[in-house]
Amino acid sequence: MTRHTRPDGLDGGSNDARARAGARSRRAFLRTIGAGAGVAVLGGFGTAAAREVDGDRCLSDGAGETRFGDVTLYANDWSTSQCPDPPVEICLSTYSDGSFGWEWERGVTCVNGDDLPNYPEALMGTKMGGGSSGWSDQGALPQRVADIDRFDVELDVEMDLSDGEWNFALECWMDPNPGIPYPATDEIMVVIDDSAAHDKGENEVTAAFEDDYGNVYDYWENDIEPGDGDTWNFHIFHLPEPGVPPNLDLRSLLDYLQEDPDGAVAEGGGVYDGSKYVGGVEIGNENWDETHGETVVNQFSVRVNDTVGAAGVRDDFTVHEIDDTAPTTPGSVTVDDRQDRSATVSWDASSDADSGVAEYAITVEGSEIERVGAETTATTISDLSADKSYEVGVTAIDGSGNRSETATVTVPTAGPGLDPIEGTVPQDLDGDGLHRDINGNDVVDFPDVNRFFQHTDSAAVQDHVDAYDFTGDGVVDPQDVLALFELV
């Protein structure tokens, strides 16, 4: 692959020039949607702020696509270009380190439709209706499904996006004919990451399949009987875990559509017999009204069998090993301090050789109450009830989300209103309401027996019979001293 340090047809520009283009965009926005809208200036979101811009193309400059190495970048403003003065700006950018990306600002447009997003994107392969990327010259795509043994993607993406409705998605197009252009018969979309506002409702199939990289896919929506002007079948998958995984296995996705194990694709079986061709792979951000965002792609590589197309800071394909090894279990969980409504718990740090310990989850009676950073090995638990015991758990979580076994400790809180004996409030160590740890040293031992014997007849004991009636006969007397002695 030849790496273009300056893509064909793309004017080089400095960060200053880019900022001036962003300022023009903001003025156009304010003129259209009003100064109170609060739309951010292009070039100011932060993801690419420290990168040296090698070239920019913005729709306001009349350029909507550009070739960059093995990909072609498209601005795709097709859903808002019909507006007479659209409050939309999309810029395609390339950077001197080899990364690339796009920015957009979108106000309230004239389309106002749930199914009318803009879609700045990068294409690897061929595009329906015409167009291709540099990689199409290598013959990897289009490729007949039956001839594809390995079909996977590597992604390294940074995004800085606003609230509102947006997604980061991958798409493949399929057709029985490998010619270019081709009238696609099938569109396959994987919504990799998305905002809370981007919701298509209940899944067709939840956890439809897991690919070879451990990614779990929901089969989110389909339209397998095209109508209303559509001419192709449309399948949408969704990754429920937030973020962008480093690898996706698209061969597993094609297998699911072909085998249709859940009967969700088409009645009577799958819709693909292996004879159709995959034309290209696209990644991009669908975005709707009142959003802005910036995406930088450090790596976008596609592997079809043994042929690799790559764009970004490297020209290869990396398989990122799946970390499925849990951290070690936190050790020596102890109760360091007990009050009547709180307790402090500490533990020995866990370790993880692969992705490292990221945080600890703290549970009380099995319910998670907080998470603390990897550098923290103690926490104070509040809002407990007096004179009650709780099971507190500590679980280590590594950078890949793997969880250790949970280490637990019983935390008894101090009893309500007990008088101190020789300066210490006796403790209930097992939560049964009886305060056998007379000297408060967290064990029942001979000093407890001796102190209890000396104070059996004191008001501190006799005013709280329920706390010291170790024999259960309703009184506190020498028999309770003997019962305590027998526990030592």
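**Backbone geometry, salt bridges and surface features**

At a relative accessibility of 45%, Ala207 counts as partly exposed. In this predicted model, Ala207 belongs to strand E11, which covers residues 205-210, and although Ala207 is not a glycine, its phi is positive, at about 55 degrees. Most residues other than glycine have a negative phi, and most peptide bonds are trans. A positive phi, of about 60 degrees, is also found at Asp383, again not a glycine. Asp383 is placed in the loop between strand E22 (378-381) and E23, and with a relative accessibility of 69% Asp383 counts as exposed, because the cut-off for that class is over 50%. A further feature of the backbone is the cis peptide bond that joins Leu141 and Pro142, for which omega is about 5 degrees; Pro142 lies in the loop between E6 and strand E7 (143-144). Strand E6 itself, residues 121-125, contains Gly125, a residue that is buried, with a relative accessible area of 0%. The C-alpha atoms of Gly125 and Cys172 are 9.9 Å apart in space, the two residues being 47 residues apart in sequence.

Side chains of opposite charge can pair when their charged atoms come close. Across the whole structure, a search finds 13 salt bridges. One of them is formed by Asp152 and Arg303, whose closest N and O atoms are 2.6 Å apart. This pair links distant parts of the chain, since Asp152 is in strand E8 (residues 151-161) and Arg303 is in strand E16 (residues 291-304), 151 residues apart. Asp152 and Arg303 are both buried.

Strand E8 also holds Glu154, whose side chain meets that of Arg314 in a salt bridge with an N to O distance of 2.5 Å. Here too distant parts of the chain are linked, with Arg314 in the loop between strand E17 (307-312) and strand E18 (331-338), 160 residues apart from Glu154. The two partners are covered to unlike degrees: Glu154, at 1% relative accessibility, counts as buried, whereas Arg314 is partly exposed, with a relative accessible area of 29%.

A third salt bridge joins Glu368 and Arg403, with the closest N and O atoms 3.9 Å apart. Glu368 lies in strand E21 (residues 367-373) and Arg403 in the loop between strand E23 (389-398) and strand E24 (407-412), so that parts 35 residues apart in sequence are tied together by the pair. Both partners count as partly exposed, Glu368 at 40% relative accessibility and Arg403 at 41%. Glu368 and Arg403 belong, together with Glu359 and Arg371, to one network of salt bridges that share partners.

On the surface, a nonpolar patch is formed by Phe446, Leu482, Phe485 and Val488, which together have about 370 Å² of accessible area. Of these residues, Leu482 lies in helix H6 (residues 478-486) and is partly exposed, with a relative accessible area of 40%; Leu482 can therefore belong to the patch, for which over 30% is required.

Rolling a probe the size of a water molecule over the atoms shows where empty space is left. The second largest pocket holds about 620 Å³ of space and is lined by 21 residues, among which Tyr213, Gly214, Asn215, Glu241 and Ser400 lie nearest its centre. When the lining of this pocket is divided by class, nine residues are nonpolar, seven are polar and five are charged.

How values were computed
Residues numbered from 1 in each chain as written. Predicted model: local features only at pLDDT ≥ 70, side-chain atom pairs only at ≥ 80, totals over all residues. Heavy atoms only, no water. 1 Å grid on protein atoms, 1.4 Å probe; cavity = no way out; pocket = protein on both sides within 12 Å on 5 of 7 lines; lining within 4 Å. Points joined across faces, edges and corners; volume = space filled by probe spheres on them. Nonpolar A, V, L, I, M, F, W, Y, C, P; charged D, E, K, R; others polar. Patch = residues over 30% accessible without salt bridge, like charges linked within 9 Å, V, L, I, M, F, W, Y side chains within 5 Å. Areas by Shrake-Rupley, 256 points an atom, 1.4 Å probe, with all protein chains shown as cover. Salt bridge = Lys/Arg side-chain N within 4 Å of Asp/Glu carboxyl O. Helix = DSSP H or I, 4+ residues; strand = E, 2+ residues; numbered from the N terminus. Buried < 20%, exposed > 50% of the residue type's maximum accessible area, 1.4 Å probe, protein only.
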